[in-house]
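Trainee: I would like a close look at one part of this protein. Please walk me through it step by step.

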Amino acid sequence: MFNFIKEKFKKIYSSFTEKAISLFSRDTIDESFLKELEILLISSDVGVATTNKIMEQLKQDLKKQKIKTVAEIKVELENQLLLHLKEHSNSQETPKVLLLVGINGSGKTTFASKFAHQLKEEGKKVLLVAGDTFRAAATEQLTQWAKKINVDVFAGKENQDPASLIFDACGKFVEEKYDHIIIDTAGRLQTKVNLMKELEKIKKIINKKLPNEQINSWLVIDAMLGQNSFQQAKIFHESTNIDGIILTKLDGTGKGGIIFSITKEFKLPILYISFGEKLEDVKSFNPEEYVKNLFGE
């Protein structure tokens, strides 16, 4: 079977998967085995609380002899991790109106472009909106990507009020009958109150122009920042209603357990994972595939 982690996420494969394969090739379950498993989970950023819960369950099952072999422990561990991810599973359709939020440098603009390319390949008419008017580089980057993938981009003037730009973009979306509008927003870290007001204003503007459309907001998180990105991302999560998470730069981290930490922290599904610089380096997140691949299957 094609192992996606082995092919694309070599750092995760070497820091977690290879160690897991070695650990589960043993014949006996003893204190040393359980301690090594616990250390492996914690060191890969699964999170202390989640790891403790899993280890407690495994120890209880061993005590009650529900599981007796190393192979059975592996199956039970995979089940536990999968249950954890499925608590916040995704059943939503591809949104027509998409707002991307997250801190500067999290990979919003690159993901917006990759996602637009994916939709265009499916025969959809897509409008990209350069809503980060405070950073000229962001507009420039999105414009370059749009040219590359042959998708329309709506950009304004530097320091223009983002809400007025988005208002005009929504008008174009309706008039020219686009299938999808993807809005790249500013990622300035500011006070929660200001951020809340800014995002509220943007959503009101969209609702005014597109009253019959549901607005989907996706939070973009850089996997390479690990636990450090949580506090920053939480500001966005607390400032506006978020429908799901995009995890970017997953190829740059060895912390394969961050997927589990994020779903626990935000109680939201991971919708897509993004990696690499190619347009094709984006993938809808499949919990079963991820867990199986993580353990070398």
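Trainee: Which residues does Leu247 touch, not counting residues up to four places away in sequence?

Mentor: A word of caution first: this is a predicted model. Now to your residue. Leu247 touches Ile221, Ala223, Ile258, Ile259 and Ile262. Leu247 also touches Ile270, Tyr272, Ile273 and Ser274. Residues up to four places away in sequence are not counted here.

Step back to the core. The largest nonpolar core has 70 residues. Within this core, Ile206, Leu247 and Leu250 touch the most other members. Helix H5, residues 70-86, gives the most to the core, with six residues. Domain 1 (1-87) and domain 2 (97-242) both contribute residues, so the core lies between them. There is a general pattern behind this: in soluble globular proteins, nonpolar side chains tend to be buried together.

Another core lies apart from that one. This other core has 23 residues, among them Phe111, Phe115, Trp145 and Val151.

Now return to Tyr272, one of the residues that Leu247 touches. Tyr272 has 12% relative accessibility, so it counts as buried, the limit being under 20%. Tyr272 also takes part in an aromatic pair. A search of the whole structure finds 14 such pairs. The ring centres of Phe115 and Tyr272 are 5.1 Å apart, and their planes stand at 65°, so the pair is edge-to-face. Phe115 sits in helix H6 (residues 108-121) and Tyr272 in strand S7 (residues 270-274), so the pair ties together parts that are 157 residues apart in sequence. Phe115 has a relative accessible area of 2%, so this residue is buried.

Compare another pair. Phe24 and Phe33 are also edge-to-face, with 5.8 Å from centre to centre and 75° between the planes. Both of these residues are buried. They belong to one aromatic cluster with Phe16 and Phe295.

Next, look at charge. Lys203 is found in helix H9. Lys203 is buried, yet it has no salt bridge. The nearest side chain of opposite charge belongs to Asp243, 6.0 Å away. A salt bridge needs the nitrogen and oxygen within 4 Å, so that distance does not qualify. Lys203 touches Leu99, Ile215, Ser217, Thr240 and Asn241, not counting residues up to four places away in sequence.

Elsewhere, charges do meet. The structure holds 14 salt bridges. One of them joins Asp161 and Lys201, with the closest N and O atoms 3.3 Å apart. Asp161 lies in the loop between strand S3 (152-154) and helix H8 (162-175), while Lys201 lies in helix H9 (residues 192-209), 40 residues apart. Asp161 has 35% relative accessibility and counts as partly exposed. Lys201, at 42%, also counts as partly exposed.

A further salt bridge links Lys234 and Glu265, at 3.3 Å from N to O. Lys234 is in helix H10 (residues 228-239) and Glu265 is in helix H11 (residues 258-266), so the pair ties together parts that are 31 residues apart in sequence. Lys234 is partly exposed, with a relative accessible area of 23%. Glu265 is partly exposed at 33%.

Glu289 and Lys283 also meet in a salt bridge, at 2.6 Å from N to O. Glu289 counts as partly exposed, at 22% relative accessibility. Finally, salt bridges that share partners join Lys74, Glu78, Lys292 and Glu297 into one network.

Definitions and conventions: Residues numbered from 1 in each chain as written. Predicted model: local features only at pLDDT ≥ 70, side-chain atom pairs only at ≥ 80, totals over all residues. Heavy atoms only, no water. Helix = DSSP H or I, 4+ residues; strand = E, 2+ residues; numbered from the N terminus. Buried < 20%, exposed > 50% of the residue type's maximum accessible area, 1.4 Å probe, protein only. Core = buried A, V, L, I, M, F, W, Y, C linked by side-chain atoms within 4.5 Å. Domains from an automatic or database assignment. Contact = heavy atoms within 4.5 Å. Lys, Arg positive; Asp, Glu negative; His and termini not counted. Phe/Tyr/Trp six-rings, centres within 6.5 Å; stacked < 30°, edge-to-face > 60°.
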